[in-house]
Amino acid sequence: MANLVDKLVHYGGDTRDVPPPRPEPGPREIRYRIVSVDDHVLEPPDIFRGRLPANLADRAPRVDRDEAGVDWWVVDDERFPLLGADALVTWEMTDKHLGPLNFDQVRRGAWDIDARVRDMDLCGIAASLTFPSAPWGFAGQRFLRMRDRELALAAMRAYNSWVIEDWSGRHPGRIIPQQVVWLADVEVAAREVRANADRGFRAITFSENPEKLGLPSLHSRYWDPLFAACEETETVIDLHVGSSSETLVPSSDSPPEVLGLLFNVNAFAACVDWLYAQIPVRFPGLRIALSESGLGWIPMLLDKLEYMARGGWSWDHAAIGPIELLRRNFWFSTYYDPRALPASAEVGMDRIMVETDYPHYDSSWPDTQDLLDPQLRALPANEIELLTHGNAEALYRFRAR
């Protein structure tokens, strides 16, 4: 396993030779109304401005530009570069730039909400659920690592305020509000979830494996107050691949393509661990979405669960089994699974959603419609509606505009 941010920095290298941006794409033919359940935001430099208490404002995270023209996030006097890896839709794939750059060199839709909505309109994305960028951690791990706990909690609250007020609030019905969680204290985290549900948040982004962050295991029941708050408020728990800060890279010198190809293995591992921690047994109303999960591993998991039951492997809750929990409490996301989609339907066509992963390496933008069409066209109309937007709108209790 490897630290995701460290690997991205390594893959990016030191080159400042940023290629020219891709030609501006024209509008695409819109066949489907799409709600994408996995996209990302490259946080703009002003998100903390005016949102922290006065006694902490001068120590708020900020963006500095160095003499080489590279933008850095400065947090606790540590510097984290802005990386092309977080905005690869900026360039043609043959010209992809993984290394350091500045906001002026990134496609504006990666960090500006008005430009993002224009990019969504271009290919028929009615609404989008967005996760933080790699430097902040897909589950907001950066706040956990800040040395000053008071400053870190205030910064996390400021981040969530920016999400609900600016990122989601500027264009109602286009961005599903998702909060980061206070990972340092589960009781505080639970209170934040309840308070933020009243503000309109529909989801939290949480670590697929908090133990890898130096926190209590999923099996310890430490996190039960948070799960109870999510169940009570119907807040979806989104588990993004890589949110444990680790991802599978078999060799120390494996190229970036290996990381990308094995990303879905992390989703497989997370799903099994959450099942066997019996979290949805204790919280039957909990909604768990595996983000950037893919579908190919789901038939394998179903087969393995059936075979293990036949062989007498223990499952400590007789009233409901792991396959039933999988179908009741879990949702899955896809952007390209033409072979796996028919087989994965066994978990329920009401449990599968689509994503575009804008603005990352795997993004289907701006050709999302063309990518989905051959995968969906043979399905019944009602199933197409579920997959493209109906399941997401129902899960997140969010009507896209």
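1. A good place to start is the pair Ser128 and Asp39, whose side chains are joined by a polar contact of 2.6 Å. Please keep in mind as you read on that this is a predicted model.

2. Where does Ser128 sit? Ser128 belongs to strand S6, which spans residues 125-131. With a relative accessible area of 1%, Ser128 is buried. If neighbours within four places in sequence are left aside, the contacts of Ser128 are Ser36, Asp39, Met120, Arg174, Ile175 and Ile176. Asp39 therefore appears both in that list and as the side-chain partner of Ser128 at 2.6 Å, and the side chain it meets belongs to a residue that is buried because its relative accessible area of 1% is under 20%.

3. Now for a sheet. S3, S4 and S5 are 3 strands that form an open sheet, in the order S3-S4-S5, with antiparallel pairing. Strand S3 (62-65) and strand S5 (78-81) lie at the edges, each pairing on one side only. On average, neighbouring strands in this sheet are turned by 40° against each other, with direction ignored. As a general reminder, the strands of a sheet pair through backbone hydrogen bonds, in either a parallel or an antiparallel way.

4. Looking at one pairing in this sheet: strand S4, residues 71-75, pairs with S5 in the antiparallel sense over 4 bridges. Which residue stands opposite Phe80 in S5? That residue is Trp73.

5. On to the cysteines. How many disulfides are there? The count comes to 0. For Cys230, the closest cysteine sulfur is that of Cys271, and a bond is ruled out because the two sulfurs are 17 Å apart, which is too far. Seen from the other side, Cys271 is in no disulfide either, with the sulfur of Cys230 as the nearest cysteine sulfur, 17 Å away.

6. Are these two cysteines buried or exposed? Cys230 counts as buried, because its relative accessibility is 1%. Cys271 counts as buried too, at 0% relative accessibility.

7. Cys271 also brings us to helix H8, residues 263-276, where the buried residues include Cys271 along with Phe263, Asn266, Ala267, Phe268, Ala270, Trp274 and Leu275. When you look at the spacing of such a list, it helps to recall that an α-helix has 3.6 residues a turn, so residues three or four places apart point the same way. After H8 comes Gln278, which has a positive phi, near 55°.

Technical notes
Residues are numbered from 1 along each chain as its sequence is written. This is a predicted model: local features need pLDDT of at least 70, side-chain atom pairs count only at pLDDT 80 or more; totals for chains, interfaces and linings use all residues. Side-chain values use heavy atoms; hydrogens and water are left out. Two strands pair if DSSP finds at least two bridges between them. Helices (H or I, at least four residues) and strands (E, at least two) are DSSP runs, numbered from the N terminus. Axes are lines fitted to C-alpha atoms, for helices over the stretch in contact, and angles run from 0 to 180 degrees between N-to-C directions. Buried means under 20% relative accessible area, exposed over 50%, partly exposed in between (1.4 Å probe, protein chains only). A polar contact is a pair of N or O atoms within 3.5 Å; within protein, one must be able to donate a hydrogen and the other to accept it, and residues adjacent in sequence count only if both atoms are side-chain atoms. Contact means heavy atoms within 4.5 Å. A disulfide is a pair of cysteine sulfur atoms within 2.5 Å.
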